[in-house]
Amino acid sequence: MAEKMLKFVSLAQSMPDKRAAAERAQDFDEIYREFAAEKAGQQASRCSQCGVPFCQVHCPLHNNIPDWLRMTAEGRLEEAYELSSATNSMPEICGRICPQDRLCEGNCVIEQSGHGTVTIGSIEKYITETAFTNGWVKAPKPLHGERPQSVGIIGAGPAGLAAADKLRRLGYAVHVYDRYDRPGGLLIYGIPNFKLEKSVVERRSALLREAGVVFHLNFEVGRDASLDDLRKKHDAILIATGVYKARDIQAPGVGLSNIVPAMTYLTASNKHGLGDAVPDFESGALDAKGKRVVVIGGGDTAMDCVRTAIRQGAAAVHCLYRRDKANMPGSMREVKNAEEEGVEFSWQTLPRAFHGEGNVSAVRVGRMKLGPVDASGRQSPVEIEGADYDQPADIVVKALGFDPEDLPAGFKAPNLEVTRWGTVKANARSHATSIPGVYAAGDIVRGASLVVWAVRDGREAADSIHRYIQAKAAPSAAAAE
């Protein structure tokens, strides 16, 4: 058979078709169309099959990307899906929302050589959607029969769902406890439909239900049961709550109405899109239609907020960020999409005060310049005296990042050790916490991070939980012989 790979020298990079900005700004549908089979195979064939695959090295899950690209190019799609799903519990989600430009694609060898990266994320999405269409995706089932032990998982976000998938395959009874009314956490309530349609997440949680995973929704640990109560009920516990406490701004007028945290704004929009009753949205308080919106922040959450406001029909959307465009922590693809859709960026600015009578009416904005490099490796912003101006605003969204809640107090678990940042202190390899049999994974350990890291942490924690339970069971089994 003729060699199908290394076509990057004769075949240009091509992304899936992207809907026109004017069209996509009118709805919350995903902005990228799917690859057709022929185009997916062609783009996969651009892979150079390099000896040291930096795409795989820089993927937190270490997905075997070169091999499933080859399989796609050769039309072996079922094998490609089996390989991609062997290391990733939700490849269809990572293919959509991973910042590939900072991870696998950004480190692709042919990207570095100037030929344009292989479009890995779009091909991953194509492989998995093809697998769903053809019925190749099955609910996880125990590979070696059912085990008598059970595991409780606190949090139905990406780390919790990834752990549930792996623990179910290992044969454990799995119970997931979540304070929201749907599984998915950030995937459902934090990420807008234009990046990740909710049906994609619901399809994955439906597979877990089919596999026998039990979801206890509207269940709040500390209110409905303490951590110790759950510990007595299960053989092991995984804490995978994520971090949702919004970082705040210290500035005059910050207490005015219509200045809201990013998750409050995004959750209201997502719940409205799901058909739920959302009084603050229906009253207009969290609906940007016809309003001037200012979003403060430069990460992916800020991009979600500005692009949501555009789709709600805002009169104007401004994003304030204290550094320049090159130093933004968010994905450059998301910034470009936002610019195409009409978002105005004010680089090197920060809010100094908020004006208004009751409701906010304007943000007093200070201008910045970049100074010396700080500990993060980026230049520190320095204020420019006398360059302030007022930016009119009817809604201000604070997208400054997230911190952990006080879990020892909230879970009634004073012996649960946390770091000085409030994240749960867990062993970097085993994910074990200070309480025997209790593990932690995802953002609640590493701080606000990427979904792909949460998936990796959840899978690793599931392996550690398996080893812990089996080690405990071994003496009992030996005594019974």
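**Entry 1: strands β7 and β8**

I looked up the partner of I296 and found that I296 stands opposite L320 in β8. The model I am reading is a predicted one. Strand β7 covers residues 292–296 and strand β8 covers residues 316–321. I count their pairing as parallel, over five bridges.

I then followed the sheet outward. It is an open sheet of five strands with parallel pairing, in the order β6-β14-β7-β8-β9. At its edges I find β6 (259–261) and β9 (344–347), each of which pairs on one side only. From one strand to the next the twist averages 20°. Helix α13, residues 262–273, packs on this sheet and touches β6 and β14 (395–398). I noted an angle of about 80° between the direction of α13 and that of β6.

**Entry 2: G273**

I stayed with helix α13, where G273 is placed. Is G273 buried or exposed? Its relative accessibility is 67%, so I enter G273 as exposed, the cut-off for that class being over 50%. I also looked up a pair that lies far apart in sequence: G273 and F28 are 245 residues apart along the chain, and their C-alpha atoms are separated by 8.6 Å.

**Entry 3: the sheet with β1 and β2**

Next I took the open sheet whose five strands run in the order β3-β2-β1-β4-β16, with parallel pairing. Which strands form its edges? They are β3 (214–216) and β16, each pairing on one side only. Neighbouring strands in this sheet are turned by 20° against each other on average, with direction ignored. Helix α9, residues 158–169, packs on the sheet and touches β1, β2, β3 and β4. The direction of α9 makes about 170° with that of β1.

I checked two pairings in this sheet. Strand β1 (residues 150–154) pairs with β2 in the parallel sense over five bridges, and I154 has Y177 in β2 as its bridge partner. Strand β4 (residues 236–239) pairs with β16, also in the parallel sense, over three bridges. There L238 stands opposite Y439 in β16.

Why do I call β2 largely enclosed by the rest of the structure? Four of the five residues of β2 (residues 173–177) are buried, and buried here means under 20% relative accessible area.

**Entry 4: helix α4**

I asked how many of the nine residues of α4 are buried. The count is seven, so I describe α4 as largely enclosed by the rest of the structure. The buried residues are I65, P66, W68, L69, M71, T72 and A73. I traced what they pack against and listed α2 (37–44), α3, α5 (77–87) and α8 (120–133). After α4 comes G75, whose phi is positive, near 80°.

**Entry 5: positive phi outside glycine**

I looked up two residues for their backbone angles. L6 is not a glycine, yet its phi is positive, about 60°. L6 lies in the segment before α1 (21–24). With 41% relative accessibility, L6 counts as partly exposed.

H62 also has a positive phi without being a glycine, with a value near 50°. I place H62 in the loop between α3 and α4 (65–73). The relative accessible area of H62 is 39%, which means I record H62 as partly exposed.

**Entry 6: a nonpolar patch**

I looked for the residues behind a nonpolar surface patch of about 300 Å² and found V52, F54, V57 and V109. From this group I took F54, which is found in helix α3 (residues 54–57). F54 has 37% relative accessibility and so counts as partly exposed.

**Entry 7: V418**

I ended with V418, in the loop between α17 (407–410) and β16 (438–440). Its relative accessible area is 29%, so I file V418 as partly exposed. What does V418 contact once its neighbours within four places in sequence are left aside? The contacts are P408, T423, V424 and K425. I also checked V418 against N107: the two are 311 residues apart in sequence and 34 Å apart in space, C-alpha to C-alpha.

Notes. Residues are numbered from 1 along each chain as its sequence is written. This is a predicted model: local features need pLDDT of at least 70, side-chain atom pairs count only at pLDDT 80 or more; totals for chains, interfaces and linings use all residues. Side-chain values use heavy atoms; hydrogens and water are left out. Patches are made of residues with over 30% relative accessible area and no salt bridge: like charges are joined within 9 Å, nonpolar side chains (Val, Leu, Ile, Met, Phe, Trp, Tyr) within 5 Å. Accessible areas come from the Shrake-Rupley method with a 1.4 Å probe; for residues, only the protein chains shown count as cover. A salt bridge is a side-chain nitrogen of Lys or Arg within 4 Å of a carboxyl oxygen of Asp or Glu. Buried means under 20% relative accessible area, exposed over 50%, partly exposed in between (1.4 Å probe, protein chains only). Two strands pair if DSSP finds at least two bridges between them. Axes are lines fitted to C-alpha atoms, for helices over the stretch in contact, and angles run from 0 to 180 degrees between N-to-C directions. Contact means heavy atoms within 4.5 Å.
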